[in-house]
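Hi,

Here is the structure I said I would pass on. Have a look at it first, and my notes on what turned up are underneath.

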Amino acid sequence: MDLIDWRPNWQLRRCCNRDQVTFLISVAVCTVVILVLWRTVLMTPFKLITVFLHEVSHALACMLTCGKVEGIKVHADEGGVTQTRGGIYWLILPAGYLGSSFWGMVLILASTKHLATQVAAGCFIVALFVVLFLAKNWTLRGLCIGFIILFAGIWYLQETTPVRILREIILFTGVMNSLFSVYDIYDDLISRRVNSSDAERFAEECPCCTGCGWGVIWAFISFFFLCGSMYLALVVLA
């Protein structure tokens, strides 16, 4: 086989093939559905999953910097808190917003291939199961149980019936997570000043910039993750 045949098409020459067009249409449909239903109760579970990934990212940053996670809460009003002890605080604080954006990018990329979709769903189920035992309130416990049942049920249907929607659910979750992360940064850190926000506390650790300034920086990084996921997905599908 010629070496050129399997090199990544970074320039996206001859874009777009059928798979790429299908992906772009799917992302557009997900975006429209999310925006239309944004303030309805139907989007609440997916918003809470974004909060879940936000808090899990705090927890991972804590554990990776030798700290201890004492508990995680996700509230019905789309708020959350991760109780930690030790670790590197200036790495734990930005991990929430940036981590949820990063996981959104991972889920969008995972939706491009069947095997990657299964791996993403399996990892998601494991993460939900682990957090279930760290949860400190019933909102988070219910969220974990609900999405474990959702992903496991859809996976089972995909393997035993003609129903093939696991890939679409992973993509929808990824797009929702990416959009809500950018919106959440703008709403919490830029448009209004929340004194107890991660950015305000991070500004105390790194006073070279205000809390609002760090919010703007994190928003650009989150938007970069979203754009990067779209570009990389098109490269994978090229």
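**Pockets, cores and salt bridges**

Helices α2, α3 and α4 each put at least two residues into the lining of the second largest pocket. Before I go further, please keep in mind that this is a predicted model.

That pocket has a volume of about 400 Å³. Its lining counts 19 residues, and the ones nearest its centre are L53, V56, W103, C123 and A127. The biggest contribution is from α4, which gives seven residues. What kinds of residue make up this lining? By class, the lining of the second largest pocket is 19 nonpolar, with no polar and no charged residues.

The largest pocket reads quite another way. Its volume is about 670 Å³, and 29 residues line it. Nearest the centre of the largest pocket you will find H54, E55, G80, Y97 and D198. At least two lining residues come from each of α2, β2, α3, α6 and α7. Sorted by class, the lining of the largest pocket splits into ten nonpolar, eight polar and eleven charged residues.

There is also an enclosed space to look at. One cavity of 30 Å³ or more turned up, with a volume of about 40 Å³. Its lining consists of T50, V51, H54, Y97, S100, F180, S181 and D184. The elements giving two or more of those residues are α2, α3 and α6. Three of the lining residues are nonpolar, four are polar and one is charged. If H54 and Y97 sound familiar, they line this cavity and are also among the residues nearest the centre of the largest pocket.

Now for the packing. In soluble globular proteins, nonpolar side chains tend to be buried together. Here the largest nonpolar core has 52 residues, and the members touching the most others are F52, L128, L140 and F151. Elements that supply two or more residues to this core are α1 (18-36), α2 (44-64), β1 (68-74), α3 (89-110), α4 (114-132), α5 (138-160), α6 (166-190) and α8 (211-237). The largest share, ten residues, is from α2.

If you want one residue to click on, try L128. Leaving aside residues up to four places away in sequence, L128 touches I49, F52, C144, F147, I148 and F151. Two of those names, F52 and F151, are also on the list of core members that touch the most others. Apart from this, there is a second, separate core of twelve residues, which includes L93, I185, L189 and A203.

Last, the charged pairs. Side chains of opposite charge can pair when their charged atoms come close. How many salt bridges does the structure hold? There are three, and I went through each of them:

- K47 with E78: the closest N and O atoms are 4.0 Å apart. This pair joins distant parts of the chain, with K47 in helix α2 and E78 in the loop between β1 and β2 (80-85), 31 residues apart. K47 counts as buried because its relative accessibility is 8%, under the 20% cut-off. E78, at 30%, counts as partly exposed.
- R85 with E70: their side chains meet at 2.1 Å, N to O. This one also links distant parts of the chain, from R85 in strand β2 to E70 in strand β1, 15 residues apart. Both ends are partly exposed, R85 at 47% relative accessibility and E70 at 34%.
- R201 with D198: the N to O distance is 2.8 Å. Both residues sit in helix α7 (residues 198-205), three residues apart, or about one turn of the helix. R201 is partly exposed, with a relative accessible area of 30%. Is D198 buried or exposed? At 7% relative accessibility, D198 counts as buried.

D198 is worth finding on your screen: besides pairing with R201, D198 is one of the residues nearest the centre of the largest pocket.

Cheers

Terms used:
Residues numbered from 1 in each chain as written. Predicted model: local features only at pLDDT ≥ 70, side-chain atom pairs only at ≥ 80, totals over all residues. Heavy atoms only, no water. Core = buried A, V, L, I, M, F, W, Y, C linked by side-chain atoms within 4.5 Å. Buried < 20%, exposed > 50% of the residue type's maximum accessible area, 1.4 Å probe, protein only. Helix = DSSP H or I, 4+ residues; strand = E, 2+ residues; numbered from the N terminus. Contact = heavy atoms within 4.5 Å. 1 Å grid on protein atoms, 1.4 Å probe; cavity = no way out; pocket = protein on both sides within 12 Å on 5 of 7 lines; lining within 4 Å. Points joined across faces, edges and corners; volume = space filled by probe spheres on them. Nonpolar A, V, L, I, M, F, W, Y, C, P; charged D, E, K, R; others polar.
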